[in-house]
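Welcome, and please open the structure in your viewer. We will go from one selection to the next, with a short look at what is there each time.

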Amino acid sequence: MSSTELPYVPSTVLPKVAPVRVAEGERLRSVQLPGITLTVRSRPPAREGLPPALYVHGLGGSSQNWSAMMELLDADVDCEAVDLPGFGDSPPPDNGDYSVTGHARAVIRYLDASGRGPVHLFGNSLGGAVATRVAAVRPDLVRTLTLVSPALPEIRIQRKAVPTALLGVPGMVPLLTRLTTGWTAEQRVRGVVTLCYGDPGRVSNEGFRNAVEEMERRLQLPYFWDAMARSARGIVNAYTLGGQHGLWRQAERVLAPTLLVYGGRDQLVRFRVAQKAARTFRDSRLLTLPDAGHVAMMEYPETVAKAFRELLVEVGSDGAPPGASRASADGAESASTGS
């Protein structure tokens, strides 16, 4: 490890911080699994017997990113959203693995342990890459796949995405923390909103206040920057990985009916990659939102929810992809080793 790189902070060293916000109608619970502890946000379904859904957030996000979608879809699916290890209210993984494979392994372990699979799996940004890997290596766990601006490899990344990629460079986090020492939580949130939203004006005053409160909480966590840096490095590593473990190669293997959502004003994922994604996922349908940014499910939740309902109608209530034979968890995880 470089002497300028932040040391890995194990989950045993955790300070007391303010509780995570829980919207009306939502519940939080902690799930202990081998090597990880995950916080899962859920919303009681409108009726019993609805098919299960699981939502996976992006880099720097949390399960709260899906609250609007969960509320809109609680009459269609049984909603749960996970905080990936080191994010939201989930502590760091015991082994410090923040790679795309590490995060995918956490999702697989949760689905195996909960017995909820196959699920309607949603992913945004980093969560989109994670969900793609899960769907490729464990088709038995995924009924349908909905990806919002998934972080799939690009030859030329967006200019505004460069600082995020640089987070993964050893020594960069200490430098950034020194340069931004005087920044308030409000300034940081405003920067994130400007980067991620096509129209920052769509964020309500209440939503902005909640985000500032969450940022203040996260900045007190000793592993906050470590989780960000290692996850950013995980994305970069996944971008450079070739062969059967490459994300585009794994996208080709996805059997589940897939809904792809891209924003025309996305500053982190190039809009033109939408067409490549639509050609690569074998059973895909594409929703493009010209005015949306990187988090369309937060900017235009009603539109994204409507597209998902249409997908549900198209594939039927089952939604299970053809030929989704079960693979063992260990075998699936070893198939993704190295990213």
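## A pair of helices

Start by selecting residues 185–196, helix H6, together with residues 205–218, helix H7: the two pack at an angle of about 120 degrees, and their axes are 9 Å apart. That angle makes H6 oblique to H7. The crossing of H6 and H7 is right-handed. To see the contact itself, show side chains: H6 brings Ala185, Glu186, Arg188, Val189 and Arg190, and H7 brings Phe208, Ala211, Val212, Met215 and Glu216. As you look, please keep in mind that this is a predicted model.

## The whole chain

Now zoom out and switch to a cartoon view. The chain has 13 helices and 8 strands. Of its 339 residues, 55% are buried. Among contacts with a separation of 6 or more, 78% are between residues 24 or more positions apart.

## The sheet

Next, colour the strands. In what order do the 8 strands of the open sheet run? Follow them as E1-E2-E4-E3-E5-E6-E7-E8, with mixed pairing. At the edges you will find E1 (27–33) and E8, each of which pairs on one side only. Turn the sheet so that you look along it: from one strand to the next, the twist averages 20 degrees.

Then add residues 100–114, which form helix H2. This helix lies across E1, E2 (36–43), E3 (52–56), E4 (78–83) and E5, and runs at about 100 degrees to E1.

## Strand E7 and its neighbours

Select residues 258–263 for strand E7. Is E7 enclosed or open to the outside? Buried residues account for 6 of its 6, so E7 is largely enclosed by the rest of the structure. Show its side chains: Thr258, Leu260 and Tyr262 point one way, while Leu259, Val261 and Gly263 point the other way. Both sets are buried.

On one side, bring in residues 142–148, strand E6, which pairs with E7 in the parallel sense over 4 bridges. For a landmark, pick Thr146, whose bridge partner in E7 is Leu259.

Now add strand E8, which runs parallel to E7 and is joined to it by 6 bridges. Two landmarks help here: Tyr262 has Thr288 of E8 as its bridge partner, and Gly263 stands opposite Leu289 in E8. Include residues 273–280, helix H10, and you have a right-handed β-α-β unit made of E7, H10 and E8.

While E8 is on screen, select residues 284–289 and compare the two faces of the strand. Arg285, Leu287 and Leu289 make up the covered face, whereas Ser284, Leu286 and Thr288 make up the uncovered one.

## A last stop at Ser125

Finally, centre the view on Ser125, in the loop between strand E5 (119–124) and helix H3 (126–137). Why does Ser125 count as buried? Its relative accessibility is 11%, and the cut-off for buried is under 20%.

Add Ser149 and check the distance: the C-alpha atoms of Ser125 and Ser149 are separated by 5.3 Å, although the two residues are 24 residues apart along the chain. Leaving out residues up to four places away in sequence, Ser125 touches Gly58, Val148, Ser149, Pro150, Ala151 and His294. Show these residues as sticks to finish the tour with the surroundings of Ser125 in view.

Technical notes. Residues are numbered from 1 along each chain as its sequence is written. This is a predicted model: local features need pLDDT of at least 70, side-chain atom pairs count only at pLDDT 80 or more; totals for chains, interfaces and linings use all residues. Side-chain values use heavy atoms; hydrogens and water are left out. Buried means under 20% relative accessible area, exposed over 50%, partly exposed in between (1.4 Å probe, protein chains only). Two strands pair if DSSP finds at least two bridges between them. A crossover is right-handed if, with the strands pointing away from the viewer, the path from the first strand over the helix to the second runs clockwise. Axes are lines fitted to C-alpha atoms, for helices over the stretch in contact, and angles run from 0 to 180 degrees between N-to-C directions. Angles under 35 degrees count as roughly parallel, over 145 as roughly antiparallel, 65 to 115 as roughly perpendicular and the rest as oblique. A crossing is left-handed if the near helix is turned anticlockwise from the far one by less than a right angle, and right-handed if clockwise. Contact means heavy atoms within 4.5 Å.
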